[in-house]
Amino acid sequence: MSAKECYDYVSTISADYDYTLTIKPQGEIEETSPFDTICHIGVDNSEERINFGNTRTFILSWDWKLLNESDSGTIFELYNDSTKANKGLKSFYVTYGDGHTYVCRFDCALKRKGNSVNRYGINGVVLKILGRKADA
């Protein structure tokens, strides 16, 4: 079987906000390909499946368990600033470790925790991949 990545299934598009988030995730990265089909089962166990489109979408989930004040502030500002990602209303570019750049938007509420020595964690980050930036 050949190696495949999200990049192989999404189209080249431009982000709403021209910024690339390059702060690497910490721990496990989860890539989910949501099921966009509904199956109706009849009383005789027959099935009718309805597909809601042929566009592939992927969801990325990860944590940043320990960030310095600068990286934490960069992510916090990207999420909250109305001229940037605006809490998931605008897309931006993301690199996360597979060598490609994706167009994503936040698909979660951003939860940041900190302590008295300017160390922060942002857990439960969920990004929806909308497309890709063409490789240079």
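# Reading a predicted fold

Modeller: Start with one pair. E77 and K84 form a salt bridge, with their closest N and O atoms 2.8 Å apart. Keep in mind that this model is predicted.

Colleague: What cut-off makes a pair a salt bridge?

Modeller: A side-chain nitrogen of Lys or Arg must lie within 4 Å of a carboxyl oxygen of Asp or Glu. The E77 and K84 pair, at 2.8 Å, is one case.

Colleague: How many salt bridges does the count come to?

Modeller: The count is three. Besides E77 with K84, there is D63 with K65, where the closest N and O atoms are 3.4 Å apart. There is also R49 with E47, at 3.2 Å from N to O.

Colleague: Are the partners buried or exposed: R49 and E47, for instance?

Modeller: Both R49 and E47 are exposed. K65 is exposed too, because its relative accessibility is 53% and the cut-off for exposed is over 50%.

Colleague: Why does K84 count as buried?

Modeller: Buried means under 20% relative accessible area. K84 has 17%, so it counts as buried. Its partner E77 has 40%, so E77 counts as partly exposed.

Colleague: Where is E77 found?

Modeller: E77 is in helix α1. Try a distance there. E77 and K87 are ten residues apart in sequence, and their C-alpha atoms are 9.8 Å apart in space.

Colleague: What about the whole chain? How many helices and strands does its secondary structure come to?

Modeller: One helix and nine strands. Read them from the N terminus: β-β-β-β-β-α-β-β-β-β. Next, look at the extent. The C-alpha trace spans about 65 × 40 × 35 Å along its principal axes.

Colleague: What share of contacts joins residues at least 24 apart?

Modeller: Take contacts between residues at least 6 apart in sequence. Of these, 68% join residues at least 24 apart. Here is a pair to find. R132 and V10 are 122 residues apart along the chain, yet their C-alpha atoms are separated by 6.3 Å.

Colleague: Where is the place of R132?

Modeller: R132 sits in strand β9. Now list what R132 touches, leaving out residues up to four places away in sequence. Among them are Y7, D8, V10 and S11, and also T101, Y102 and V103.

Colleague: Next, the inside. Which residues touch the most other members of the largest nonpolar core?

Modeller: W64, F106 and L127 do, in a core of 28 residues. Five elements give two or more residues each: β5 (58–68), α1 (69–80), β6 (92–95), β7 (101–106) and β9 (119–133). Strand β5 gives the most, with six residues.

Colleague: Which residues does F106 touch?

Modeller: Skip those up to four places away in sequence. F106 then touches L78, Y79, A85, G88, F92, V125, V126 and L127.

Colleague: How much of the chain do buried residues make up?

Modeller: They make up 32% of its 136 residues.

Colleague: And the outside? What does the accessible surface come to?

Modeller: It comes to about 8,500 Å². Carbon and sulfur atoms account for 47% of that.

Colleague: Which residues make the nonpolar surface patch?

Modeller: I38, I50 and F52 make a patch of about 280 Å². Find I38 in strand β3, which covers residues 37–41. I38 is partly exposed, with a relative accessible area of 37%. That is over the 30% needed for a patch residue.

Colleague: Last feature. How many disulfides does a search of the whole structure find?

Modeller: Zero. C6 is in no disulfide, and the nearest cysteine sulfur, that of C104, is 9.0 Å away. The cut-off is 2.5 Å between two sulfur atoms.

Colleague: Why does C108 make no bond with C104?

Modeller: The closest cysteine sulfur to that of C108 is in C104, and it is 11 Å away, so the gap is too far for a bond.

Colleague: Are C6 and C108 buried or exposed?

Modeller: Apply the cut-off again: under 20% is buried. C6 has 3% relative accessibility, so it counts as buried. C108 has 16%, so it counts as buried as well.

Note on methods. Residues numbered from 1 in each chain as written. Predicted model: local features only at pLDDT ≥ 70, side-chain atom pairs only at ≥ 80, totals over all residues. Heavy atoms only, no water. Buried < 20%, exposed > 50% of the residue type's maximum accessible area, 1.4 Å probe, protein only. Core = buried A, V, L, I, M, F, W, Y, C linked by side-chain atoms within 4.5 Å. Helix = DSSP H or I, 4+ residues; strand = E, 2+ residues; numbered from the N terminus. Contact = heavy atoms within 4.5 Å. Patch = residues over 30% accessible without salt bridge, like charges linked within 9 Å, V, L, I, M, F, W, Y side chains within 5 Å. Areas by Shrake-Rupley, 256 points an atom, 1.4 Å probe, with all protein chains shown as cover.
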